[in-house]
Amino acid sequence: MLRSLLLSLLIGAGLAQAGEAPRLVQRDGRHALLVDGKPFLILGAQAHNSSNYPAALGPVWAAALDLKANTVLMPVAWEQVEPEEGRFDFSFVDTLLQQARQQDKRLVLLWFATWKNTSPQYTPAWVKLDPKRFPTMLDKDGKPSYCLSPFGAETLKADQRAFVALMSHLKRIDARQRTVLMVQVENEVGTYGLVRDFAPAAQAAFEQPVPAAVLARQKPKLAASGTWREVYGDYADEYFHAWAIARYIGQIAAAGKAVYELPMYVNNALRNPLEQPPKPWANNFSSGGPSWDVIDIYKAAAPALDVVSPDLYSPESVQIEANLRLFQRPDNALWIPEFGSKPAYGRFIYAMLGRGAIGVSPFGIDYFNYSNHPLGTQATNQTLVEPFERVYRLFAPIQRLWAQWAFDGKTRGIAEADDRQPQQLDFPGWTAKLSYRLGRFGETSWGGEFAKPAAGTEEPHGGAAMAQIAPDQFILIGQRVRVRMEPAEGTQGLMLRVEQGQFDDAGRWVMERVWNGDQVDWGLNLPAEPVMLRITMARPR
């Protein structure tokens with residue numbers, strides 16, 4: 001009797017712990033990833049594509065440790081877990097989770113299956129070698145494409161079966177410890193060189209009425225209803241392909257969630273965000289992928305997907321800013337699972353986290369002797385992580401606090417633009433005005449040495465993120481920027497106290513020094529190495 005009671009209590013305790021599943025929540029258009037019931041900020045490190053083997057994990061953990069990442073993004077390949085049809089091997093997943101727990105790291109798994117960068121290269125050999133059963137897309141002349149068709153019923157069935165097996169295995173080994181936070185379903189889907197599938201099954205679907213769920217969301221429309229061409233005109237082919245791929249992925253995600261519910265997302269090789277309004281596909285991006293202009297189609301066709309995410313590999317500041325704005329929506333959390341590893345990308349973390357992103361992750365954080373230059377840096381040693389570590393270093397101890405502040409709408413952030421012009425961050429009652437390339441003492445109007453750009457500012461690397469933690473109090477984190485706090489227009493105010501410090505493990509502020517005199521007379525001049533300040537403003541009585 002006692003043994004049965006103890007067993008019941010242990011099982012109950014396990015179920016209670018298992019009940020705290022990671023999940024996404026939304027409030028007033030803002031989002032949070034809840035982990036163990038509280039907002040969690042992913043400070044990620046995505047490994048290289050071929051590091052998903054036990055012997056390759058050492059360099060990944062070393063880089064993640066140096067970065068001060070709390071989460072590693074790791075591929076799990078279909079060819080790896082089902083080398084023979086119906087025979088599953090999750091030994092790598094077991095090793096990955098075991099080592100992640102030893103390293104005190106969370107995980108995001110990347111399911112490389114039907115599509116990885118639009119191609120079938122991560123499908124098992126038995127899929128690759130049977131095009132009759134697992135068909136590719138066809139062009140208008142019936143010529144096969146490299147890309148598997150989203151109308152391949154057997155392909156969908158097999159991919160879904162493998163994904164369900166993976167999610168079932170995760171439930172068995174991780175439902176209590178919750179090492180895995182999220183799952184990416186496929187990778188950078190779409191098709192290059194072909195706007196859509198023209199095979200008979202696809203063509204028959206193209207000639208059917210547009211589904212009501214799509215009609216309700218995707219605009220503008222030429223007609224209230226009708227076929228894809230009747231409703232969307234020149235955009236019909238791209239929109240149809242997006243619907244076909246989204247529907248395919250959505251079925252896989254829904255089946256996986258049915259056995260083990262975790263947040264799921266898709267990532268995206270981007271189209272030009274500055275092309276407004278977007279023009280019809282002209283062989284200039286991967287048609288059918290979840291680009292910003294078809295997010296509504298993905299939401300309609302794949303409700304099991306929680307987030308549509310951008311992969312950022314164009315370092316121009318106007319491109320980064322536009323993509324962050326377009327992908328952050330009341331119905332879509334901002335989550336950046338990939339961005340380039342060149343040093344120039346480091347400053348954009350301030351903009352991402354200040355905007356309320358649930359997480360960020362540079363790509364290729366891995367001491368494997370490989371570089372995806374020119375998209376990323378050529379470095380493969382510790383210099384690879386340095387531009388990002390200096391930012392992560394300050395956010396890591398407060399990631400829970402920051403995630404909560406962001407969810408509450410208290411944070412703002414910005415990165416130095418390529419034009420190096422002044423910027424500002426607006427808060428209730430106060431404005432932070434930011435300027436760049438200045439020394440840490442004096443004004444440029446004084447001329448001479450004061451008017452010259454500060455040494456080390458030849459390229460833009462400045463940025464700042466701020467949280468308004470009380471009506472007149474702020475946390476400022478940043479680098480290579482001058483910040484002046486001003487009261488809102490029509491009001492009066494002054495800077496009462498500025499402390500440099502950090503938060504301890506209990507979330508308590510620990511002061512290191514008070515900034516005054518030279519350190520505040522010319523604004524708050526943040527150095528190349530990021531610092532954290534607590535700023536207290538006040539209003540005259």
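Good morning. I begin with Asp418, which is partly exposed at a relative accessibility of 39%. Please keep in mind that we are looking at a predicted model.

What does Asp418 meet in a salt bridge? Its partner is Arg347, and the N to O distance between the two side chains is 3.0 Å. Arg347 has a relative accessibility of 2%, so this residue counts as buried, the limit being under 20%.

Let us now place these two residues along the chain. Arg347 sits in the loop that runs between β12 (335–339) and α13 (348–354). Asp418 belongs to the loop between β14 (411–415) and β15 (423–427). The pair therefore ties together parts that are 71 residues apart in sequence.

Salt bridges can also share partners. One network formed in this way joins Lys68, Glu389, Arg390, Arg393 and Glu529.

I turn next to Asp331 and Arg329. Their side chains form a salt bridge, at 2.9 Å from N to O. Is each partner buried or partly exposed? Asp331 is partly exposed, with 29% relative accessible area, whereas Arg329 counts as buried at 18%.

A further pair is Glu275 and Arg271. In this salt bridge the closest N and O atoms are 2.6 Å apart. Arg271 is a buried residue, with a relative accessibility of 4%.

Finally, how many salt bridges does a search of the whole structure find? The total is 35, and the pairs I have described include Arg347 with Asp418, Asp331 with Arg329, and Glu275 with Arg271. Thank you for your attention.

Definitions and conventions: Residues are numbered from 1 along each chain as its sequence is written. This is a predicted model: local features need pLDDT of at least 70, side-chain atom pairs count only at pLDDT 80 or more; totals for chains, interfaces and linings use all residues. Side-chain values use heavy atoms; hydrogens and water are left out. A salt bridge is a side-chain nitrogen of Lys or Arg within 4 Å of a carboxyl oxygen of Asp or Glu. Buried means under 20% relative accessible area, exposed over 50%, partly exposed in between (1.4 Å probe, protein chains only). Helices (H or I, at least four residues) and strands (E, at least two) are DSSP runs, numbered from the N terminus.
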